[in-house]
Amino acid sequence: MGKRDGQHGTRFGRFLRARPSRITFLAALGVLSAGLLFLARQPEAWPFGIVLLFNAAALPMFGVLLERLPTRCRGSEIGYPRYGMIGLTALLAALAFLTGDPGAVLGTLLLALTWQLAARPLNWQLAWCREPPPSGLRHLPRILTAGALLLLLLAASTLAETPLLPALSVLLFGVPVALLAALLLRYRADFADA
């Protein structure tokens, strides 16, 4: 799979370029593995483990939205490097979590950056959509911003050692993840493969 094939790079590279959303799916598997490992090692720090699992669920949804929203809006395709930036940032966050408590805070900040990396091109696509998007999709920017802000709240409350706030932040963080899933289900016809 990683062997070079002619003049067009490796087969694995062509596999990813054919469907860039596969990058986010592969990153989600890495984040999921890190989340399960984190919970096995440090069950007392369960809020951070749950955050990793929530992000493992969100990453494939980012990929689908980034890949299909330009088609829905008749806009230009989102560049292949953007998927790589999102996937790499998420994997770096997962690795940071596994280094211990200070790393978990850094990992949370990197996950917030991941949500913002996904939000910017989606916001641009919606702003320049050539036909009015369904009303539900107009809430995407707010959902993604809420996800990033809740991750920042989790990091800040952990640093401040505020009782109960980290756990509350994690529970609230499930809301934007669930809303993303609900939007994809509601508009699954729009995001189906052409």
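## Buried aromatic pairs and a helix contact

Both F38 and F48 are buried, and in this predicted model they also form a pair with each other: the centres of their rings lie 6.5 Å apart and the planes stand at 80 degrees, so the pair counts as edge-to-face. F38 belongs to helix α2 (residues 21–41) and F48 to helix α3, so that the pair links distant parts of the chain, with the two positions ten residues apart in the numbering.

A second edge-to-face pair is formed by F62 and W115, and both of these residues are buried as well. Because F62 lies in helix α3 while W115 lies in helix α5 (residues 101–127), this pair ties together parts that are 53 residues apart in sequence. A pair of aromatic rings is described by the distance of the centres and the angle of the planes, and the table sets out these values for the two pairs.

| Pair | Centre to centre | Angle between planes |
|---|---|---|
| F38 and F48 | 6.5 Å | 80 degrees |
| F62 and W115 | 5.0 Å | 90 degrees |

How many aromatic pairs does a search of the whole structure find? The search finds six, the two in the table among them. In addition, F62 and W115 belong to one aromatic cluster, which they form together with F54 and F173.

Helix α3 also packs against another helix. Two packed helices are described by the angle between their axes and the distance between the axes. For helix α3 (residues 46–73) and helix α4 (residues 80–97), the axes come within 11 Å and cross at roughly 175 degrees. Since angles over 145 degrees count as roughly antiparallel, α3 is roughly antiparallel to α4. On the side of α3, the contact is made by F48, V51, L52, L59, F62, G63, L66 and E67, and on the side of α4 by Y83, I86, A90, A94 and F97. These residues divide into eleven nonpolar, one polar and one charged. F48 and F62, which appear in the aromatic pairs above, are thus also among the residues through which α3 touches α4.

Is T89, a residue of helix α4, buried or exposed? T89 has a relative accessible area of 10%, and because a value under 20% counts as buried, T89 is buried. The side chain of T89 reaches the backbone oxygen of M85 at a distance of 2.7 Å. Leaving aside residues up to four places away in sequence, T89 touches L110, L113, T114 and L117.

Note on methods. Residues numbered from 1 in each chain as written. Predicted model: local features only at pLDDT ≥ 70, side-chain atom pairs only at ≥ 80, totals over all residues. Heavy atoms only, no water. Axes fitted to C-alpha atoms, helices over the stretch in contact; angles between N-to-C directions. Helix = DSSP H or I, 4+ residues; strand = E, 2+ residues; numbered from the N terminus. Parallel < 35°, antiparallel > 145°, perpendicular 65-115°, else oblique. Contact = heavy atoms within 4.5 Å. Nonpolar A, V, L, I, M, F, W, Y, C, P; charged D, E, K, R; others polar. Buried < 20%, exposed > 50% of the residue type's maximum accessible area, 1.4 Å probe, protein only. Polar contact = N/O pair within 3.5 Å; in protein donor to acceptor, adjacent residues only side chain to side chain. Phe/Tyr/Trp six-rings, centres within 6.5 Å; stacked < 30°, edge-to-face > 60°.
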